Amino acid sequence: IRMHTAIILATALSLLLLQISAQQTENEVSHSTSVAGMVKLLDVESKLIENLDNYATQLERKLEAVRSYVADMRAENDKAKQQTESYLSNPLNAFALIRRMHQDWLYWRLYMEQPVGHEQAAYVPQMQQHLPTSTDLEEAAASIHRIQLTYDMKAADMSSGLLNGRQYNVSLSSLDRYALGKHHFDRQNFGEACQWIYQAIQWLDGKNKLPRPLALDRAELFQLYGEALIKMNRFNDALQVFNNAVAFKQDNAQLLQRRLEVEALTRTNAHLPPQRYSIPQPGAYELGCRGGYPSKSNLYCFYNHTTSAFLRLAPIKMELLALDPYMVLYHDIVTSKEIQELQYYAVPNLMRATVFDAKTGRNNVVKTRTSKVTWLPDAHSELTRRLNRRITDMTGFDMYGSEMLQVMNYGLGGHYDKHFDYFNATTAPELTKMNGDRIATVLFYLTDVEQGGATVFPNIGKAIFPKRGTAVMWYNLRHDGNGDPQTQHAACPVIVGSKWATTKWIRERQQLFTRPCEKM
């Protein structure tokens with residue numbers, strides 16, 4: 001009875017923490033961190049496009065400027081809605097969607113605020129609460145940069161839709177490229193800024209056109225490019241760029257003065273060596289994400305029919321991946337119907353994932369984990385009860401006192417940086433004193449991921465790439481009950497695809513007789 005009461009209290013505490021976390025993050029939409037969450041943006045964009053079309057019909061003098069771009073936007077939106085998940089799974093589409101939703105519609109609003117079309121103009125601010133914020137745009141730009149660094153991609157390739165060696169029928173506009181360049185410039189990442197600003201210039205040099213409300217000022221674009229080159233001690237290159245800027249705005253006194261200043265800098269700093277942009281050498285984590293680890297285990301596969309009595313009737317496919325730490329991969333362990341049901345339960349309640357901070361004792365939104373999650377209690381439905389029974393059959397562990405199922409969906413460049421699943425009783429006693437630490441992790445992969453999204457264990461050179469219907473299990477604790485540092489792992493950024501996963505963290509207290517601590 002005492003143990004049963006403790007479990008009830010633990011569950012109640014977990015639910016209370018979830019409620020507090022939800023209240024803290026209710027205004028933090030984080031559009032880019034989940035593909036499922038970005039679906040709503042397409043619907044909002046569809047309404048805004050329709051509103052803009054109505055406005056265009058009232059403006060004879062602006063008909064050409066507005067209607068031509070409405071057609072382009074509607075074609076892109078229809079293309080996306082016909083294959084929503086595939087469209088949003090591509091990081092270039094996802095970034096472009098967030099960038100244009102955050103920036104373009106503000107320009108359209110200014111263009112629309114004329115004596116004609118007040119009703120349509122008023123509709124845009126009414127939809128403001130549904131549009132991405134500047135924080136969303138910053139997160140989206142950071143996600144593109146994360147993909148670029150992790151997988152060693154070039155800005156030129158990404159701009160044209162070439163992702164990790166695979167060509168996609170999508171590209172970034174000059175506005176998208178400029179936004180990425182400005183993002184890096186503002187953060188003093190001048191090498192990255194130069195790469196993207198140059199790509200924006202290349203797009204415009206290709207005779208591509210932007211609608212008048214969104215048109216980039218070429219002189220300002222060249223000036224920003226020149227300033228970035230100056231920060232890299234590339235003064236001669238910067239002077240040439242400023243000459244190009246002046247060619248577009250010969251009457252701009254401020255720009256002419258800045259060119260003279262750059263000429264002086266070029267003369268006085270000719271001895272300074274120029275900085276060159278380069279992507280850092282890959283570490284063990286990046287190597288695993290890029291597929292640099294062996295794809296197959298050197299151990300063996302077998303049918304497990306001994307862990308529980310039920311498995312005598314329905315053995316499961318197991319692949320032994322490692323012995324230290326103990327790690328196995330289960331094949332065909334969850335069905336398509338069960339996956340669809342999990343996603344159905346999860347989508348309405350997805351919220352930004354958090355990480356526990358032992359210093360503050362709170363769960364915080366952090367840049368090192370970008371996804372959305374929801375928790376499903378063990379008694380939530382017949383599905384959750386069945387999955388918990390199956391985990392017992394798979395592992396031999398008792399689920400009593402363990403954590404709820406966590407369902408996750410990763411969005412644009414979604415990842416989780418290197419971390420351990422165990423808490424460590426010395427640093428987080430409040431989280432371990434009732435049911436113990438996390439003795440094991442079971443991670444179900446609910447979708448295939450076209451590119452990226454691997455689970456990497458850099459300390460042991462293992463990488464598991466998502467495969468729909470599989471699950472990986474590993475022990476987090478050694479036999480003495482201490483955390484195993486070999487279990488450090490990370491979720492690599494998703495390049496293309498919608499990664500869905502479900503995690504079950506198994507607590508140690510109830511496994512006293514299943515996996516007892518070794519005698520000292």
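Me: Before we start, what counts as a salt bridge here, and how many salt bridges does the rule find across the interface of domain 1 and domain 3?

Reply: A salt bridge is a side-chain nitrogen of Lys or Arg within 4 Å of a carboxyl oxygen of Asp or Glu. This is a predicted model. Apply that rule across the interface of domain 1 and domain 3, and the count is zero.

Me: OK, how many residue pairs are in polar contact between domain 1 and domain 3?

Reply: Polar contacts are pairs of N or O atoms within 3.5 Å. With both residues at pLDDT 80 or more, the count between domain 1 and domain 3 is four.

Me: How much area do domain 1 and domain 3 bury between them?

Reply: Ten residues of domain 1 are in contact with twelve residues of domain 3. Carbon and sulfur atoms carry 67% of the buried area. The total comes to about 780 Å².

Me: Which three residues supply 50% of the area that domain 1 buries against domain 3?

Reply: No other three residues of domain 1 supply more of that area. The trio is Val-35, Ala-36 and Pro-91.

Me: Which helix gives the largest share of the side of domain 1 that touches domain 3?

Reply: α2 (35-57), α4 (84-89) and α5 (91-112) each supply at least two residues of that side. The largest share is four residues, and the helix behind it is α2.

Me: Where does UniProt place the Fe2OG dioxygenase domain?

Reply: The domain assignment gives domain 3 as 294-511. The UniProt feature, from an unreviewed entry, has its own span; that span is 4% helix and 44% strand, with end C-alpha atoms 9 Å apart. UniProt puts the feature at residues 401-508.

Methods: Residues numbered from 1 in each chain as written. Predicted model: local features only at pLDDT ≥ 70, side-chain atom pairs only at ≥ 80, totals over all residues. Heavy atoms only, no water. UniProt positions renumbered as here; feature names shortened; annotations may be inferred. Domains from an automatic or database assignment. Contact = heavy atoms within 4.5 Å. Buried area = accessible area lost by both parts, 1.4 Å probe. Polar contact = N/O pair within 3.5 Å; in protein donor to acceptor, adjacent residues only side chain to side chain.
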